[in-house]
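Colleague: I have the sequence and the coordinates open. Can we go through the model region by region?

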Amino acid sequence: MNATAAPGVALDEQAAFLRTLAEKSDGGKLRGDYAHADAAYVVTQDWPACTPAQHALWRRLYARQAALLPGRACAAFIDNLERMQASAGIPELAVASIALQQATGWTLVAVPGLVPDQVFFEHLAARRFPVTVWLRTPEEFDYIVEPDIFHDFFGHVPLLFDPVFADHLQEYGKGGLKAMPLGGLPYLARLYWYTIEFGLIATPAGLRAYGAGLLSSGGEIAYCLQSPAPQRIGFDVERVMRTRYRIDAFQETYFVIESFAELFEKTAPDFTPLYARLQNLAPLAANALLPDEKVIAPT
Ligand code: PHE
Ligand code: FE
């Protein structure tokens, strides 16, 4: 999802996670063209139809964002982004997919936009990452409501080249399918939000961003690391799963991992008893701080 702050209505986090075909969080139609999608919501990316103006907009988005990465994005993200050589224009997903498959066995599939939960999880569980095919308009340079190809590709794909992160995301997909009949999706949504989209990582050089929503955002990438306003606390699965979030503003809390191995290991246990426990616990506000919690200083 997109990460930049925008004026507008406060959207409920539950609604935000409803990846339904016909509706999005504000009740409007999803933006993509779903008419030609197959049963897995996969489409062909009509790359030759991308206009020079669209490629130019991609280059502008890429250049602005790439300049913000040093000292802010984790090293694995920066290294793998460079290796993808995607600065010159909208990438051809089938081509980018070849290098990714060689690296970690993941492939990219083109989709019209948000897809239903189960479809999303099935793709991840099969090491396929769904990438939205449309690009925002120039007027949406700083903010889009639904994820576009810039967010999905620039924000998410580089870390799919990292073996541990890649394995974690597959486990997340499998975990999603498992959680559906257990009523665990609201909790898994919060986990995804506070890690894959808005996660921070502590490195020897300092705090860095690894969440795609941060890495594709012109404003929140600096805010999440440097602003004294939000709180940063150590990653804990149950704490994250209890914590609500807002989709219309910068985050009020960021959760900090030490390594992708920590993320993998802490999410490996069977979540079945955890979901049962969470169903009887009140959720925490996005800015809650529990008595025993220590905040981590900004960089
Ligand atoms: N370990 C979780 C379970 O058993 C699955 C999962 C793995 C969920 C990784 C999220 C991330 O349900
Ligand atoms: Fe995203």
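Modeller: Yes, and bear in mind that this is a predicted model. Just after helix 5, R127 has a positive phi of about 55°.

Colleague: Which loop is R127 found in?

Modeller: R127 comes just after helix 5. The other end of its loop is strand 2. R127 is found in the loop between helix 5 and strand 2.

Colleague: Is R127 buried, exposed or partly exposed?

Modeller: A buried residue needs 20 or more other C-beta atoms within 10 Å, and an exposed one has 12 or fewer. R127 has 18, so R127 is partly exposed.

Colleague: Where is Y41, the residue with a positive phi of about 65°, and is Y41 buried or exposed?

Modeller: Most residues other than glycine have a negative phi. Y41 is not a glycine, yet its phi is positive. Y41 sits in the loop between helix 1 (13–17) and helix 2. With 23 other C-beta atoms within 10 Å, Y41 is buried.

Colleague: Back to helix 5. Why are its buried residues on the same side?

Modeller: Helix 5 spans residues 117–125, and its buried residues are F120, F121, H123 and L124. They are on the same side of helix 5 because they cover an arc of only 160° around the axis.

Colleague: What covers the buried residues of helix 5?

Modeller: The residues to be covered are F120, F121, H123 and L124. Both strands and a helix take part in the cover. It includes strand 1 (107–111), strand 2 (128–132) and helix 7.

Colleague: Now helix 2. How far does helix 2 reach from its first C-alpha to its last?

Modeller: Helix 2 runs over residues 52–68 and has 17 residues. At 1.5 Å a residue, 24 Å is expected. The model comes close to that, at 25 Å.

Colleague: What do the buried residues of helix 2 pack against?

Modeller: In helix 2, L57, W58, L61 and Y62 are buried. These fall within an arc of 135° seen down the axis, so they line one face of the helix. The face turned away carries exposed residues, including R60 and R64. The buried residues pack against helix 6 (149–156).

Colleague: Which helix gives the largest share of the largest nonpolar core?

Modeller: That core has 74 residues, and F77, V131, L160 and A209 touch the most other members. The largest share of this core is nine residues, and they come from helix 8 (residues 185–197).

Colleague: Which residues does A209 touch, leaving out those up to four places away in sequence?

Modeller: A209 is one of the core residues that touch the most other members. With residues up to four places away left out, A209 touches R72, A73, C74, L200, L214, L215, I221, C224 and L225.

Colleague: How far apart are the C-alpha atoms of T203 and V131?

Modeller: T203 lies in strand 3 (residues 200–203). T203 is partly exposed, with 14 other C-beta atoms within 10 Å. T203 and V131 are 72 residues apart along the chain. Their C-alpha atoms are separated by 29 Å.

Colleague: Last, ligand 1. Which helix gives the largest share of its shell?

Modeller: The residues around ligand 1 include E171, Y172, K178, D270 and F271. By class, the shell has six nonpolar, two polar and three charged residues. Its largest share is five residues, from helix 7 (residues 163–179).

Key:
Residues are numbered from 1 along each chain as its sequence is written. Chains are lettered from A and ligands numbered from 1 in the order in which they are written. This is a predicted model: local features need pLDDT of at least 70, side-chain atom pairs count only at pLDDT 80 or more; totals for chains, interfaces and linings use all residues. A residue is near a molecule or strand if its C-beta atom, placed from the backbone, lies within 6 Å of it. Helices (H or I, at least four residues) and strands (E, at least two) are DSSP runs, numbered from the N terminus. Ala, Val, Leu, Ile, Met, Phe, Trp, Tyr, Cys and Pro count as nonpolar, Asp, Glu, Lys and Arg as charged, and the others, Gly among them, as polar. A nonpolar core is a set of buried Ala, Val, Leu, Ile, Met, Phe, Trp, Tyr and Cys residues joined through C-beta atoms within 7 Å. Two residues are in contact if their C-beta atoms, placed from the backbone, lie within 7 Å. The arc is that of the directions from the helix axis to the C-beta atoms. The expected span of a helix is 1.5 Å times one less than its number of residues.
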